[in-house]
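Please open the structure in your viewer and keep the selection tool at hand. The tour below proposes one selection at a time and says what is to be found there.

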Amino acid sequence: MALKGLDIFKLTPKTNCKDCGNPTCMAFAMKVAQGAVELDKCPHLSDEAKAQLGDATAPPMKKFEVGKGEDKFTLGGETVLFRHDKTFVSKNLYAVSLCEDSIDKKLPDVRKVDYDRLGERMYVEFLNVIDKGDADKFVETVKKAAAEGRGIILETSNADAAAKALAVAGDRVILNGANASNYEEFAKIAGESAALGVSGQSLDELYDTVAALEKLGSKNLILDVTGGTIKETFSNAVQVRRAALKDNDRTFGYPSVVNLHKLAAGDTRMQTALASVFTLKYGSIIIMSEMEYAQALPLYGLRQNIYTDPQKPMKVEPGVYPLNGADENSVCVTTVDFALTYFVVSGELERSGVPLNLLISDAGGYSVLTAWAAGKLSAGSIAKFIKEFDIEGKIKSRTLVIPGKVAVLKGEIEEKLSGWTVVVAPNEAVELVKFFREFKV
Amino acid sequence: MPFKPVQQKFNAKINTLSIGTGEKTVTLGGESVFPFYSFDAPIENRPSVGVEISDLGIDEALPGVAEFYKGCASLPELAKRASEMPGADFLAISLDGAHPDNGDRSVEDTAALVKEIAAAVDAPIVIEGCRNVEKDSKLFEKIAEALDGRNVLFLSAREENYKSVSAAAAMAYSQKIGAESAVDINLAKQLNVLISQMGVKTESVAMNLGSAAAGYGFEYVATTFDRVKSAALAQNDNMLQMPIVTPVASEVWTVKESIVSEADFPDWGPAEERGISMEIATAAACLTAGSNAVILRHPDSVAAVSKLIAELV
């Protein structure tokens, strides 16, 4: 349970020295209680107080990085079970599982899926290399996988193989193989250089092993919640996360990994369904047998949606988006930069099959009516966009179609943009296909 | 020291609602836990899967769909085949051909057609309107009469037509109705209140809270479902305890990922597989967020999603 401000205040020096940047110790205590300020901002806390408070004010779920610098992956750090309570912070990452027999076949397919969606790179972040029992072959496979510029997960519970593979796996590595019988050795092998994946026959065993690893000083742990069945795995994933965030049991306050390659081997569609389930409910790393475009398109789209901060709308870059082979003579259509509006509108426009230039102006990431009400979408903002992006130099058409919901802007836009004809589209996106199929300039 | 799980069983329940008659009756809802949280308490009725056909026929451009319905010469035959689809619990009929912009088939003709279809199947039936509120009111009234005694679910009653749909379908013929709102917990609750004020029993009402394909604003869907289930279970809000029925097919088979051709996007692979994958991923997400039933179109999606449900419950 999080401490109240008063409880923290009692342990401060109560000198109001302002060294922490706050006017009083009370103000500092209140901020710590909200999680707004770190405890160590106060230089005068006694060690005893720190030990007492450090534990209570620590976040419920550890957040750490795999790797360093720009390429690092961030895992964990969630504070809520439902995104509407605040936001989810560390998006789930995807891995494709492979071994010495399948690596050559799988790598070209893995490389193929690599695209941009709303400014986010969509690709397979990790390769999960399975140890089939031959340490030399395992190490060779890890070497090959490490050359791909992705994170590496080592799936082995053999200490020898783990140590050798770790030496060649690069610096973004998860050693997934600690269990009740080998954890001491594995804690040593992983050391500071790799995150350590832990599994157990049951949640009890997992719990005890994590507690034992914490005693040994292991910090960056990942809970492998993959169970014998799909049902058990879902139960594990939810219970682990719920224990940490709702019931404040920090032993389970770590990111999780779910291995669908084990749970639904050979069933691509079941893996798609499960990846979707675990994107919503608490998988931090999801291991798949493969990742083809058919799977990637919905799964990465879903992930991007779920990990959107509810307080910050997703935005599209302002600019000209030619659709259906539009050229400089094609009619211009405009809407706002709110991602959802953009996707719905551009989808319907594409369905119409009519070549159109979709002009997206900066409307603060709001929907049409909200942007209009907030003054972010106006005749002025549209005219400014047309000038700034030199639309008149790039496009010859002088017809601009505006959203039906801001029909009132028509006259004012025509006043500001001489030579342009403004046409009002229907109110709803679903009516756009019919509208444009029948549209005559 | 063993792990001490804290169970989260609520003293509130999702309403049960059944559709259809006889052996094939489908019952939705009844659980007192979050979706698939069977570790907290048993789930009374597993979520259901419906298969959707249009009154204009099926999409033969999709090889898998065409293959499944091969040899069906009429809508009733098509419906019968659909109702026997492995994994499908009920049949959903979408009345696209009655929409004013899409053929505008008359109310009488449509009702007669639906009656013919219904006579060919013994599975529970969900009637999805043509998505024009005025026409739907008239259609539902006639169809409620034509399918008297079949315990049909009508999707949907909306803010604009809930009065006539409630009066005709739910009250006059004791059919079930779905209250449709656009991905917003407040609108959903308001509509449920209005419908209950008409005198419709809450046990006759399901909710269609709206949907979106994965990647197309699904965060609103997930969050609305999460909040509705939380209100229903944790706060015992009886105006949000209706089971959720989600038409997924109509959302997923129109997005770019499902329709652009392989010729235009060679890396993406065959369009049909992309559509199936979109349908499966979206349905799985809806179920995880709270749908008590999903409505799908492709036989492969129906098979995969019903298998997922069987594994999770």
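The stops that follow begin with a whole chain and then turn to single elements and residues.

**Before starting**

This is a predicted model, in which local features need pLDDT of at least 70, side-chain atom pairs count only at pLDDT 80 or more, and totals for chains, interfaces and linings use all residues. Residues are numbered from 1 along each chain as its sequence is written, chains are lettered from A and ligands numbered from 1 in the order in which they are written, and side-chain values use heavy atoms, with hydrogens and water left out.

**Stop 1: chain A as a whole**

Select chain A and display its C-alpha trace, which spans about 75 × 65 × 35 Å along its principal axes. The chain has 18 helices and 17 strands; helices (H or I, at least four residues) and strands (E, at least two) are DSSP runs, numbered from the N terminus. Of the 441 residues in chain A, 55% are buried. Here buried means under 20% relative accessible area, exposed over 50%, and partly exposed in between, with a 1.4 Å probe and protein chains only.

**Stop 2: the barrel**

Select strands 3, 6, 7, 8, 9, 10, 11 and 12 of chain A. What do these eight strands form? They make a closed barrel in the order 3-6-7-8-9-10-11-12, with parallel pairing; two strands pair if DSSP finds at least two bridges between them. Neighbouring strands of this sheet are turned by 25° against each other on average, direction ignored. Such angles are taken between N-to-C directions and run from 0 to 180 degrees, the axes being lines fitted to C-alpha atoms, for helices over the stretch in contact.

Now restrict the view to strand 3 (residues 93–98) and strand 12 (residues 285–288) of chain A, which run parallel and are joined by four bridges. Strands of a sheet pair through backbone hydrogen bonds, either parallel or antiparallel. Label Tyr94(A), which stands opposite Ile286(A) in strand 12 of chain A. Then add helix 12 (residues 293–306) of chain A: this helix lies across strand 3 and strand 12, at about 150° to strand 3.

**Stop 3: two loops of chain A**

Select Tyr282(A), in the loop between helix 11 and strand 12 of chain A. Its phi is positive, about 75°, although Tyr282(A) is not a glycine. Is Tyr282(A) buried or exposed? With 3% relative accessibility, Tyr282(A) counts as buried.

Next select Gly266(A), which is in the loop between helix 10 (260–263) and helix 11 (268–280) of chain A. At 80% relative accessibility, Gly266(A) counts as exposed.

**Stop 4: salt bridges**

How many salt bridges does the structure hold over all chains? There are 31, a salt bridge being a side-chain nitrogen of Lys or Arg within 4 Å of a carboxyl oxygen of Asp or Glu.

Select Asp104(A) and Lys144(A), a salt-bridged pair whose closest N and O atoms are 3.0 Å apart. The pair links distant parts of the chain, 40 residues apart: Asp104(A) belongs to helix 4 (residues 103–112) and Lys144(A) to helix 5 (residues 135–146) of chain A. Lys144(A) is partly exposed, at 38% relative accessibility.

Move on to Lys410(A) and Glu414(A), whose side chains form a salt bridge of 3.4 Å, N to O. Both lie in helix 17 (residues 410–416) of chain A, four residues apart, about one turn of the helix. An α-helix has 3.6 residues a turn, so residues three or four places apart point the same way. Lys410(A) is partly exposed at 31%, and Glu414(A) is partly exposed at 27%.

**Stop 5: chain B**

Select helix 10 (residues 271–289) of chain B. The helix has 19 residues and reaches 27 Å from its first C-alpha to its last, close to the 27 Å expected at 1.5 Å a residue; the expected span is 1.5 Å times one less than the number of residues. This helix is mostly covered, with 17 of its 19 residues buried. Gly290(B) follows helix 10 and has a positive phi, near 150°.

Finally, select Leu155(B) and Ser156(B), which are joined by a cis peptide bond with omega near 5°. Ser156(B) is in strand 6 (residues 153–157) of chain B. Val183(B) lies in the loop between strand 7 (176–180) and helix 6 (185–197) of chain B, and its phi is positive, near 50°, in a residue other than glycine. At 25% relative accessibility, Val183(B) counts as partly exposed.

Definitions and conventions
Contact means heavy atoms within 4.5 Å.
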